[in-house]
Amino acid sequence: MSRVGFIGVGVMGAPMARNLLEAGHRVRAFDTSAEALAAVVRDGAGEAVSAREAADGAEYVITMLPTGRHVAEAVLGPGGIAEALDPAALLIDMSTGLPAHFDATAESLAASGRRMIDAPVGRTSEDAEAGTLLVMAGGSREEIDRALPVLEILGDPVIHCGPRGAGIRTKLVNNYVSVVSNVVVAEALTLAEGEGLDRDLVIEVLMGTTAGQGHLATTYPAKVLADDLEPGFMIDLAHKDLGLAIGMGEASGVAHGTALAAIECYSSARDQGMGRLDWTSIYNFLRRSAGS
């Protein structure tokens, strides 16, 4: 089994390190929190006094840190990974940070002949414990294949998202959808309660439509992604119905900030003559606006 340096053994990193230990890998860990480090040492990890020591002699080094700036410091700072990383080793950053920070750190390592890939994760700390994280990996095919012996212990599935940097970018797109939709759902349920509706019955209705099932699982594959813009539900109608819901929210004093942003988008699409196209053509409208 391999020697693995593990930097960052907090809520997510600790169960990941334990899974590697249980699979037979030799793990040497480092964390700035003495308490977090002591916990994984008790479970069998070696204790390092710095990121450099954790990386020394390792075949794989994994970083699981709060931000890209923390990763840069752990890699390039004094006592950092770069001081000990063997050119034959592979550095796997599983953190979530700004792509620009990851890119700069990886490019700095590449200039000295060392390799770094990104493999951030989706799902929860319970999945970290179970080894069922969704891993979004960015790197060459050869690098991802090289990383699979450890990544497949930590996650299922492991998805190769593209070249170096594609993993963290995919993670942020995923989080954009889930974090923003969380607000939409909260606003909608608050609106339902403001109108005196039975919340559980409203949820039952939502789960039977695109509202609960999600556009990526329903409308997009059938319409805009298939280049079919014949209206199943027109932008004009979406604009009208959203306006009615906004009016209802205003009357009951319920917050509806995401709806106001959305109706502005629908209004702009209508101004471009798209009102009678399928509502999923909003995707094409935004792509054109972004110059795609």
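## Nonpolar cores and a helix pair

In this predicted model, the largest nonpolar core contains 34 residues, and F6, M16, I92, M94 and L151 are those with the most contacts inside it. Several helices and strands build this core, and each element in the table supplies at least two of its residues.

| Element | Residues |
|---|---|
| β1 | 3–7 |
| α1 | 13–22 |
| β2 | 26–30 |
| α2 | 34–42 |
| β4 | 60–63 |
| β5 | 90–93 |
| β8 | 133–138 |
| α7 | 141–154 |

Helix α7 provides the largest share of this core, 6 residues.

M94 illustrates the contacts in detail. Leaving aside residues up to four places away in sequence, M94 touches M16, I62, T63, M64, A119, P120, V121, V135, L151 and L154. A second core, separate from the one described above, has 22 residues, including A55, V61, I81 and F102.

The report now turns to a pair of helices. Two packed helices are described by the angle between their axes and by the distance between those axes. Helix α4 spans residues 68–76 and helix α5 spans residues 99–110; their axes come within 8 Å and cross at roughly 15 degrees. Angles under 35 degrees count as roughly parallel, so α4 is roughly parallel to α5. The crossing in which α4 passes α5 is left-handed.

Which residues of α4 and α5 meet? On the α4 side they are G68, R69, A72, V75 and L76, and on the α5 side H101, T105, S108 and L109. Sorted by class, this contact of α4 with α5 comprises 4 nonpolar, 4 polar and 1 charged residues.

Key
Residues numbered from 1 in each chain as written. Predicted model: local features only at pLDDT ≥ 70, side-chain atom pairs only at ≥ 80, totals over all residues. Heavy atoms only, no water. Axes fitted to C-alpha atoms, helices over the stretch in contact; angles between N-to-C directions. Helix = DSSP H or I, 4+ residues; strand = E, 2+ residues; numbered from the N terminus. Parallel < 35°, antiparallel > 145°, perpendicular 65-115°, else oblique. Left-handed = near helix turned anticlockwise from the far one by under 90°. Contact = heavy atoms within 4.5 Å. Nonpolar A, V, L, I, M, F, W, Y, C, P; charged D, E, K, R; others polar. Core = buried A, V, L, I, M, F, W, Y, C linked by side-chain atoms within 4.5 Å. Buried < 20%, exposed > 50% of the residue type's maximum accessible area, 1.4 Å probe, protein only.
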